[in-house]
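Please go through the report below with the sequence and the coordinates at hand.

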Amino acid sequence: MRVWTIANQKGGVGKTTTTVALGSLLASQGKRVLMLDLDPQGSLGSYFSHRPEDTGQSSYDWFLPADQLSDERLMQTIVATQDKNLSLVPGSTALATLERSAVSQEGMGLAISRALSRLWDKFDYVLIDSPPTLGVLLVNALAACSQLIVPVQTEFLAIKGVERMLNTLNMINRSRRQPLSFLMVPTLFDRRTHASVSSFRHMRKTWGDQVWPSAIPVDTRLRDASAQGVTPTSLGKDSRGMQSYHFLLKTLLKREKEQEQSVHLTEGDA
Ligand code: ADP
Ligand code: MG
């Protein structure tokens, strides 16, 4: 099971859209995919016309003490979607109450890692959509993943969020055996605007290969999809946004393969 986290300490940059797009593409390639929403806003579910109030199922339960989270209860938080192989755990406003608890509190930063380890044979990929604020939820999302994807809106003020995110990453890396592999993904790119073009150039100049050399374009069909409960895969090939996500997925899979090979080599040396 591979775990990818989609995060940026800024809202409205395309985190949820990226989660849903990559998740549905992986599922359409036959991978068993779980999308986990750790954002109290719970917007991931809206793509699938799911409202947490409907059932009470949410990722909040994943933070329950071990003796209260039975396998059955854990499985009950997982909701099937209309897409084959694609499941989701919705977020809920209750998640916000967790942000006030301390990460240092007994094992609190590893709640998600622990719950995921119980699902290792059920899914091939888990994609975690995370909140824009640094707290227990984001720390959990970062502790649980092997790849971090940072969508960055191509506009003038985008850089601030990235700097906050990189500081957080440094902090997380201090407690990891291997630094977390991450890729910044320019989003909401509009080549007709100066803001988009110059911020894309600035990103590449500042962070080099840590930035995906392409960008996800503004695509109104992608924007409308969330409101209409249409999954991105059903938009098909004529969506420019989805074509780009397809290309991004290829890059991510390639990076993952290279990364796993290098870990393999290092362990072989030891
Ligand atoms: P976040 O999860 O970071 O807050 P979202 O994925 O919800 O960001 O995106 C913010 C808004 O921008 C949403 O209304 C979404 O539909 C829209 N959006 C995201 N990506 C695109 C895109 N490539 N083209 C057009 N609209 C987009
Ligand atoms: Mg979101």
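The report covers the model, its sheet, its nonpolar core and the ligand shell.

## Basis

This is a predicted model, in which local features need pLDDT of at least 70 and side-chain atom pairs count only at pLDDT 80 or more, while totals for chains, interfaces and linings use all residues. Residues are numbered from 1 along each chain as its sequence is written, and chains are lettered from A and ligands numbered from 1 in the order in which they are written.

## Sheet

Seven strands, in the order S3-S4-S2-S5-S1-S6-S7, make an open sheet of mixed pairing, where strands are DSSP E runs of at least two residues and helices are H or I runs of at least four, numbered from the N terminus; two strands pair if DSSP finds at least two bridges between them. Strand S3 (79–80) and strand S7 (181–187) are the edge strands, each pairing on one side only. Strand S6 (residues 147–153) runs parallel to S7 and is joined to S7 by seven bridges, with Gln153 opposite Thr187.

## Nonpolar core

The largest nonpolar core (buried Ala, Val, Leu, Ile, Met, Phe, Trp, Tyr and Cys residues joined through C-beta atoms within 7 Å; buried means 20 or more other C-beta atoms within 10 Å of a residue's own, C-beta atoms being placed from the backbone) has 67 residues, and Ala141 and Val150 are among those that touch the most other members. Helix H6 gives the largest share of this core, seven residues.

## Ligand shell

Around ligand 1 there are 17 residues, of which Gly14, Lys15, Thr16, Thr17 and Arg223 come nearest; a residue counts as near if its C-beta atom, placed from the backbone, lies within 6 Å. Helix H1 (15–28) and helix H9 (220–228) are the elements that give two or more residues to this shell.

Definitions and conventions:
A residue is buried if 20 or more other C-beta atoms lie within 10 Å of its own, exposed if 12 or fewer, and partly exposed in between; C-beta atoms are placed from the backbone.
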